[in-house]
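Here are some short exercises to work through with the model open beside you. Try each task yourself before you read its solution.

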Amino acid sequence: MSPDRNLALEMVRATEAAAMAAGRWMGRGDKNGVDGAAVNAMRFMLNTVEMDGVIVIGEGEKDEAPMLFNGEKLGRGEEPKVDIAVDPIDGTRLTAYGLPNAVSVVAFAERGTMYNPQHIFYMDKIATGPYAAHAINIEASPTDNIRAVARALRKSVEDVTVVVLDRPRHEELIKEIRSIHARIRLIPDGDVAGALSTCKPNSGIDLLMGVGGSPEAIITACAIKCIGGNMQCKLWPRNDEDREKCKEKGMDVNKVLHLNDLVKSENVFFAATGVTDGDWLRGVRYMGDGIETSSLVMRAKSGTLRYINAVHNVQKLDEISSIKYGAHQNDAYFL
């Protein structure tokens, strides 16, 4: 059975829970603490959804650490059957150090429609918003892509802003962008938020380029399916061992993965909640007896985007779930 109801309105409870739990760790410098809190809260909430869900894009093989792992089943085991792409915190380091643009994200699509990058942890990516969707080509040079986007947006190359992850592997990319005098916004992490910013009107961001995580690529593709715009990717093996595994599995590292390759379904759902303040969403606000969250939910089939600002009662949440959202010291709450 294909998903019929708007699952995004149920998914957002999971991203809210993950954001509220992880937000307590903001600025403490503990990435594992951030991730563990988000994972536990998200798993709890996703298991309450009436669905038969399997994680296609998660956090690798299960080990002793708390994580939402590839192949894990979630939900109450009822129809509809869905693929799940999840990142409890896109930007654990951003949260741990109190930096902007950390979000909790989850995406659903009909079963069997999400691309599985398997052992390849990175992809080369290019993404842009709806007004330049036709202009990008990952096989063209950065210069050609920037010029094409500039033409589509009716602006000069010098006015185009490109988001790039601040990594040593992007040294040549950054050098080329600078050589044509385009603007660059370097980000330390969080390329889901970076790619989505290209789709937001008046965000000041026009294009995302460079190599980032393959799980984040699939999640981003789901979001772009909902919001408009375009994305193209290519597998990016880290070494010869990765390349050999690709040959064994029949995975073509030279193939361009278009948006419909990354997620085939048009019945796609996406939810995100801000953990720290960002371009799209406000971060979590704690008020003693309440918590404020800011979320975005989208469905590709209807094209609807909803912003949800919620106030959560800490005491009541603690009574009905095993997740502790309130501030506490020596197990005594300050409420």
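A residue counts as buried when its relative accessible area is under 20%, and as exposed when that value is over 50%. Keep in mind that this is a predicted model.

**Exercise 1.** Find out whether Thr-198 is buried or exposed, and describe its surroundings.

*Solution.*
Step 1: Locate the residue. Thr-198 sits in the loop that links α6 (191-197) to β8 (207-213).
Step 2: Apply the cut-off. The relative accessible area of Thr-198 is 8%, and buried means under 20%, so Thr-198 is buried.
Step 3: Look for a polar partner. A polar atom of the Thr-198 side chain lies 2.6 Å from the backbone oxygen of Ala-195.
Step 4: List neighbours more than four places away in sequence. Among them are Ala-127, Thr-128, Gly-129 and Leu-208.

**Exercise 2.** Which residues touch the most other members of the largest nonpolar core?

*Solution.*
Step 1: Recall a general trend. In soluble globular proteins, nonpolar side chains tend to be buried together.
Step 2: Name the residues. In this core of 47 residues, they are Met-114, Met-123, Met-231, Leu-262 and Phe-270.
Step 3: Ask where the core gets its largest share. Helix α7 (residues 214-227) supplies it, with nine residues.
Step 4: Zoom in on Met-231. Beyond four places in sequence, its contacts include Ala-217, Ala-221, Ile-224 and Leu-262.
Step 5: Look for another core. A second, separate one has 43 residues, including Leu-68 and Phe-269.

**Exercise 3.** Check how confident the prediction is along the chain.

*Solution.*
Step 1: The average pLDDT of the chain is 91, and 94% of the residues score at least 70.
Step 2: Over residues 329-335, however, the pLDDT is below 50.

Note on methods. Residues numbered from 1 in each chain as written. Predicted model: local features only at pLDDT ≥ 70, side-chain atom pairs only at ≥ 80, totals over all residues. Heavy atoms only, no water. Helix = DSSP H or I, 4+ residues; strand = E, 2+ residues; numbered from the N terminus. Buried < 20%, exposed > 50% of the residue type's maximum accessible area, 1.4 Å probe, protein only. Polar contact = N/O pair within 3.5 Å; in protein donor to acceptor, adjacent residues only side chain to side chain. Contact = heavy atoms within 4.5 Å. pLDDT = per-residue confidence, 0-100. Core = buried A, V, L, I, M, F, W, Y, C linked by side-chain atoms within 4.5 Å.
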